[in-house]
Amino acid sequence: MSDIIQLLPDHVANQIAAGEVVQRPASVVKELLENAIDANATEIKLIVKDAGKTLVQVIDNGKGMSVTDARLSFERHATSKIKAAEDLFQLNTKGFRGEALASIAAIAHVELKTKQEQDDLGTVIVIEGSEVKSQEVSVTPTGTSVSVKHLFFNIPARRNFLKSDTVELRHITDEFHRVALAHPNIAFVFYHNGSDLFNVPQENYRQRVVHIFGTKTNEKLVPVEEETEVLKISGFVGKPEFSKKTKSEQYFFVNQRFIKSPYLNHAIKSAFEGLLKDSYHPSYFLNLTVDPKSIDINIHPTKTEIKFDDEHTLYAILRSAVKHSLGQFNIAPILDFEQQSSFNTPYIYKNKSASTPAIEVDRSFNPFEDDTSSKNGISKKTNYNSDFKSSPAASWESLYVGLESKGNNSESDFSEVTFESEAKTESIFSDSLIETTKTTFQLQQKYIVSTLKSGMLVIDQNRAHQRILYENFLKHITIQEATSQQLLFPLQLHYTPNETKIIKDLKANLEHTGFVFSKLDTKEITITGVPVGVPESEVSIILEQLISDVENDVPDSNFSASDLLAKSMAKSLAIKNGQSLNSTEQEHMVNSLFACKEPNVSPTNRPTFITMAVDDIEKKFM
Ligand code: ADP
Ligand code: MG
């Protein structure tokens, strides 16, 4: 048989490469803007017509190209940015593959105008489908202008595949935001069909964020600054009350390059833990600076994913820096109770005083040596909803139901209840550490404060409730006691194949908590029953939380499916900080917490309460 292998002609190779580099007009915008930045431009103009389908043009005042370079720039693997493979580990530029211009020129009509400062005349090159149509000397300003017209003119299938102008323009705007946010020191103008959508001068980072997201953004921003040996962080997170239902305001830049990182995103989410409503996402605009040697940006053709050498450390530093900022701005408690030993700072906090917090946490403290869990309500079938009053089976509540009925004047009822109430109080507080259950109040809608004989008890309401729900779920899952409530209408949910697989893997566990699936395949998940007390509206939140917990493989979790499920469900359903609780609910929380096997810590091993001894309080008055 004769030889059959041949080398692809360049224009074919370029078209194939274009498939990777150029998915839509927004990809052209990204590549051209990045080239302008690499050319050290200080002013960049983006001109777009018909959402980029007719024209994408980028004009910069950067260093321009010589005649030879102008011609060479359209060759594949032609780049001025690296010379040897080692340079890949010292990248300070956006581009380095030398593919963008060659790819774009293979599938569009391109006109390049460029001039270097020292030259009087510049170069104009016209290329259509990799074919050079003309090259001339011309009068043109210093810098470069690249116009890309009729994108995909020679690949009708790709052209037809483009979405509506609205959608394509949104993609372009997203790219523009990313580039403009990463470079506040560059002025940008962005025109679409003749009107300017953005016009931002050279400015500082806060001004840039505000210019792009609107004046109202200013009051929402909480600065985050941290500098360690391995990582510098600067930027902002949005105050929790301005969090969004969508993830549209989440920006990480690593060495001024926009990246996506579910893992680092998780670090931020966990710093916000307890401060956000379910299914709300924090906003952030964070610049991370790391040694270029410690990252590999080569793993993705469009370069939005990168690999870090030491992700775990970055995770810990980021989380702690964001928590610290939220604390400093009085958004979260200043004391970082949540420091886990595994996250203990592997770096030096610069410029931070080493004074220890005045409150000492006695983790071993447990005022209730007697095991009262069997008598205490939460271990029964409970309404997981935050409204404690509506949980009929919680024995604790029955006391107050009785007291309320006092007004209705049913003597016998009342005496019975009073008796039960005393008995209850006796049994729980037999060692009289807590003076009376009536002395609780809520602080900042976050903490439940109660008095002890020896001092004061402060409970974190969100974590405490997580602990209560967690133990309850875990019990159901492990003893396989399904308590299900049937839905009136089956709930249909759709997930990606990956996500569906996660649910499938956990199906048995989910069923033990009370979920009933009538269908569970890649196209659709149909749920006909849910655990008793779980509102239908929470179901998708629980499943999404579960998926994201599995996907993100939280660094401290020693993975066990039932444990993870119980944790996720507890996290989704626990009452949040910011929710006010009446005194009945507060006391119920206190009692239920101390009926738990491990009341001291949340399911993720963080303290659920602290105590302060009278001695310590007295010392403060000296
Ligand atoms: P890469 O950016 O990966 O090097 P490109 O195909 O995007 O590859 O560009 C090829 C080369 O053309 C660049 O390395 C650069 O030298 C030159 N170039 C492209 N755009 C500009 C510009 N706006 N100003 C100056 N030089 C440019
Ligand atoms: Mg480039």
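Counting as a salt bridge any side-chain nitrogen of Lys or Arg within 4 Å of a carboxyl oxygen of Asp or Glu, the structure has 14 salt bridges. The structure is a predicted model, in which local features need pLDDT of at least 70, side-chain atom pairs count only at pLDDT 80 or more, and totals for chains, interfaces and linings use all residues. Residues are numbered from 1 along each chain as its sequence is written, chains are lettered from A and ligands numbered from 1 in the order in which they are written, and side-chain values use heavy atoms, with hydrogens and water left out.

Three of these pairs are listed here.

| Salt bridge | Closest N and O atoms |
|---|---|
| Glu168 and Arg24 | 3.0 Å |
| Arg463 and Asp460 | 3.6 Å |
| Lys507 and Glu511 | 3.4 Å |

Helices here are DSSP runs (H or I, at least four residues) numbered from the N terminus. Glu168 belongs to helix α6 (residues 165-182), while Arg24 sits in the loop between α1 (10-21) and α2, so their salt bridge ties together parts that are 144 residues apart in sequence. Burial is judged by relative accessible area: buried means under 20%, exposed over 50%, and partly exposed in between (1.4 Å probe, protein chains only). Glu168 is buried, at 0%. In the second pair, Arg463 is buried at 6% and Asp460 is buried at 11%. Lys507 and Glu511 are four residues apart in helix α14 (residues 507-513), which means about one helical turn separates them. Lys507 is partly exposed at 30%, and Glu511 is partly exposed at 28%.

Helix α2 covers residues 25-38. Its 14 residues should span 20 Å at 1.5 Å a residue, and the C-alpha atoms at its ends are indeed 20 Å apart; the expected span is 1.5 Å times one less than the number of residues. Of the 14 residues of α2, 13 are buried, so the helix is largely enclosed by the rest of the structure. After α2 comes Asn40, with a positive phi near 60°.

Around ligand 1 there are 18 residues, each with a heavy atom within 4 Å of the ligand. The closest are Asn35, Thr79, Ser80, Lys81 and Gly98. The shell consists of six nonpolar, eight polar and four charged residues. An oxygen atom of ligand 1 lies 2.8 Å from a side-chain N or O atom of Asn35. A nitrogen atom of ligand 1 is 3.2 Å from a side-chain N or O atom of Thr144. Taken alone, ligand 1 exposes 530 Å², and the protein buries 92% of that.

Methods. Polar contact = N/O pair within 3.5 Å; in protein donor to acceptor, adjacent residues only side chain to side chain. Areas by Shrake-Rupley, 256 points an atom, 1.4 Å probe, with all protein chains shown as cover. Nonpolar A, V, L, I, M, F, W, Y, C, P; charged D, E, K, R; others polar. Helix = DSSP H or I, 4+ residues; strand = E, 2+ residues; numbered from the N terminus.
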